[in-house]
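Student: I should like to go through the internal architecture of this protein step by step. Could we take the cavities, a sheet and the nonpolar core in turn?

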Amino acid sequence: IAATQPSTNWHLKENAREHHTSKFSSEELIVRRGQAFTITFNGTERPEQNLIFIAETGPKPSKATKTLATFDISSTASKEGWSAVLQSTSSNSVSISISSPHNAIIGRYRLSVQSGSSSPASLGTFVLLFNPWSSGDDVFMPNKAECEEYVLEEFGIIFAGTKNHISRFGWNFGQFQGDILNICLSIMDRSLYYRQDPITDVSHRHDPRYLGRVLSAMVNANDDQGVVLGNWSGKYEGGKNPTSWTGSGEILQGWKKSGFKPVKYGQCWVFAAVLTTVLRCLGIPTRTITNFSSAHDADGNLRVDEFYDADGNHLERGADSVWNFHVWNESWFTRKDLGPSYSGWQVLDATPQEESGGIYQCGPASRHAVKEGEVDLDYDVPFVFAEVNADCMYWNYDSATGKKTLIFSKSTEIGDSISTKAVGRDDRVDVTRDYKYEEGSAKEREIFKKARKKLGLEDKFDPTAPKREEIEQKPDISGKFKVAGSLEVGKDLNLLLVLENLQSDAKTVNVNMTAWSTLYTRRRVTQIWKDSISVTLAPKEEKQFPIKIQYPEYQQQLTTDKTIQVTALCHVEGGIQVLVKRNITLDNPGIDIQVLGEAKVNKEVVVEVAFTNPIDTEVKDCVLQVEGSDLLQGVLELRIPPLKASEKSSTKFKLIPSEAGTKHLLVNFSCDKFADIKTFKTVNVIN
């Protein structure tokens, strides 16, 4: 009979090493399912006599929901359920190897032991996670380097900008820092699914499909007081500008500290980065994906309609939109519900764009199903398919008469340069071919038709669709904008409008041009420039017209996304209109980081950050924000005095690295003229 409360040795170091959980800094045992762990406890007499173990999780544990397991000592580990194997005994203690099934529910468990007829004695609690290293697990990832990157790596690179000009910035996922695991567990317990039916919700937590979907809903604040509140207005009072975050830790900690009130504010990459942190923390291999020229097809017809007035201004009409880029997630797991060819990478999207099943959640959509146009498969494949494949229709809209005329349509515009970070390197990998067949190929059009047919769009009469004669009418001229010179905040923007006469007779063209500052979603904020010209093009002639938008013209109007949309609507006498447009993202000036000396564990090292003011006016309200997992705790914020024209500032601060290995330091510098200049530095920490 157990005389006293047993004391438990959880062998934290050894178990963590075996279970790839050493990066967690916890006094609690954290292990992965489908794999044995060893514990030693004392306080039981005659330990080998009929010991019974009880592992339970959730609010009302039961065997029926697989939230309660009782098991005694057996000679070998069980493949099916929980099991305990005796390792060794001494006069007053016993070592046991405990195994959980490959499909065990993940979360925090209470473990107790019963000896003979005595009542159960508590051994304590442990946390059980998904196991991508174990071949029986739904999240099994055979490639070890991919496990390292997609589960254990705390640093990521997110791609942004435009398809012609891809930019990148670092992000600190920080899934093993401080209290993040506990916060991830409380996210699950605050979902709508849990609130409506906690017992059923917990019983589904063995399934990465289910958890991926639930967490895609919980990372946004819509419906459920989730983690991050989205804001695409260009005005961010009362919160942080979405472009200013450098990592997920501050956001998740802030959500908990405020009593679980949504953190202000996020945009797509923030939702995707936070979801990456949560899923990697729980052991589901996950990465961020950036899609350029990403369609938001609000009405589900696989088409996005854009409207322009006679002056070439892009109008806010209709719910469809095309974003310069959009960031979502891919997570790796099997799809037993769909069959083996649909396993592997699954698309999840936590950005609240459209409701699915009545709430803002998206996925998991099998990437293979997206590529093959299998839009009838769960979950949300039509929405993801449209993001990378929708056709674009550009209309001229006359607000006086309400008449709209098709300018042109394009099937190769959407879903470009789909990007993710390379495994083990800081490079960009293009995964466009994994989402669709080659743009313009017969196979790609065939898949598009198949998707339309499955959605019942083929046979319906669509009153908004362009008439055949509108599509078949060919333009007389072609045009494009070329960038002449650098695209930098603080410098004049120089472009060339190139017009070419495609016909063998002269053409007169009246051109209305506008430039607007926009958000990355191409939402217009302020007009910064307009002009009109009238030109005559000789037969087959090409002409270039220089355009200069000066820094003082755009400086006040530029959003923190640093994006400008330039359009030229060309009215050809006797012919159809031609729309020329380009979305431009300006680059911030550079910022330099130097680590002065060797970075060693638990030793101070000085870092210097330098910035030179590139413009001929003073910049003020300068703030430097620094973070990096295992390099410093939380986020360091430093205020910097104003800088005169061309003046250089140098700021020094100290780090005390806590762990050896390749670490990343992320820096964000802001002032009144430049928003969120970001860079990162790799720091090799030695013991």
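The questions and answers below concern this predicted model.

Student: How many cavities of 30 Å³ or more does a search of the whole structure find?

Tutor: The search covers the whole structure and counts cavities of 30 Å³ or more. The largest cavity holds about 70 Å³ of space, and the second largest holds about 40 Å³. The number found is 3.

Student: Which elements give two or more residues to the lining of the largest cavity?

Tutor: The lining consists of E149, Y150, G156, I157, F173, R280, R287, T288, T420 and K421. By class, these are 3 nonpolar, 3 polar and 4 charged residues. The elements that each supply two or more of the lining residues are helix 2 (144–152), strand 10 (155–162), strand 14 (286–296) and strand 22 (416–421).

Student: Which element gives the most to the lining of the second largest cavity?

Tutor: This cavity is lined by V370, K371, F385, N389, Y435, K436, Y437, E444, I447 and F448. Two or more of the lining residues come from each of helix 9 (367–371), helix 10 (381–389) and helix 12 (442–454). With 3 residues, the element that gives the most is helix 12.

Student: By class, how many charged residues are in the lining of that second largest cavity?

Tutor: The lining includes K371, K436 and E444. Its breakdown by class gives 6 nonpolar residues and 1 polar residue, and the number of charged residues is 3.

Student: Turning to the open sheet with the order 16-15-20-21, which are its edge strands?

Tutor: The sheet is formed by 4 strands with mixed pairing. An edge strand here pairs on one side only. The strands that do so are strand 16 (314–315) and strand 21 (403–410).

Student: In strand 20, which residue is the bridge partner of Y308?

Tutor: Strand 15 (residues 303–308) pairs with strand 20 (residues 391–398) in the parallel sense, over 6 bridges. Y308 falls within the residue range of strand 15. Its bridge partner in strand 20 is N396.

Student: Where does the largest nonpolar core lie with respect to the domains?

Tutor: The core has 68 residues, of which W171, L181, L215, I251, W269, V274 and L282 touch the most other members. Helix 8 (residues 268–282) gives the most to this core, with 12 residues. Both domains give residues to the core, and it therefore lies between domain 1 (7–129) and domain 2 (144–455).

Terms used:
Residues are numbered from 1 along each chain as its sequence is written. This is a predicted model: local features need pLDDT of at least 70, side-chain atom pairs count only at pLDDT 80 or more; totals for chains, interfaces and linings use all residues. Side-chain values use heavy atoms; hydrogens and water are left out. On a 1 Å grid over the protein atoms alone, a cavity is a set of points where a 1.4 Å probe fits but cannot get out, and a pocket is an open set with protein on both sides within 12 Å along at least five of seven lines; lining residues have an atom within 4 Å of a point. Grid points are joined across faces, edges and corners, and a volume is the space filled by probe spheres set on the points. Ala, Val, Leu, Ile, Met, Phe, Trp, Tyr, Cys and Pro count as nonpolar, Asp, Glu, Lys and Arg as charged, and the others, Gly among them, as polar. Two strands pair if DSSP finds at least two bridges between them. A nonpolar core is a set of buried Ala, Val, Leu, Ile, Met, Phe, Trp, Tyr and Cys residues joined through side-chain atoms within 4.5 Å. Buried means under 20% relative accessible area, exposed over 50%, partly exposed in between (1.4 Å probe, protein chains only). Domain bounds come from an automatic or database domain assignment.
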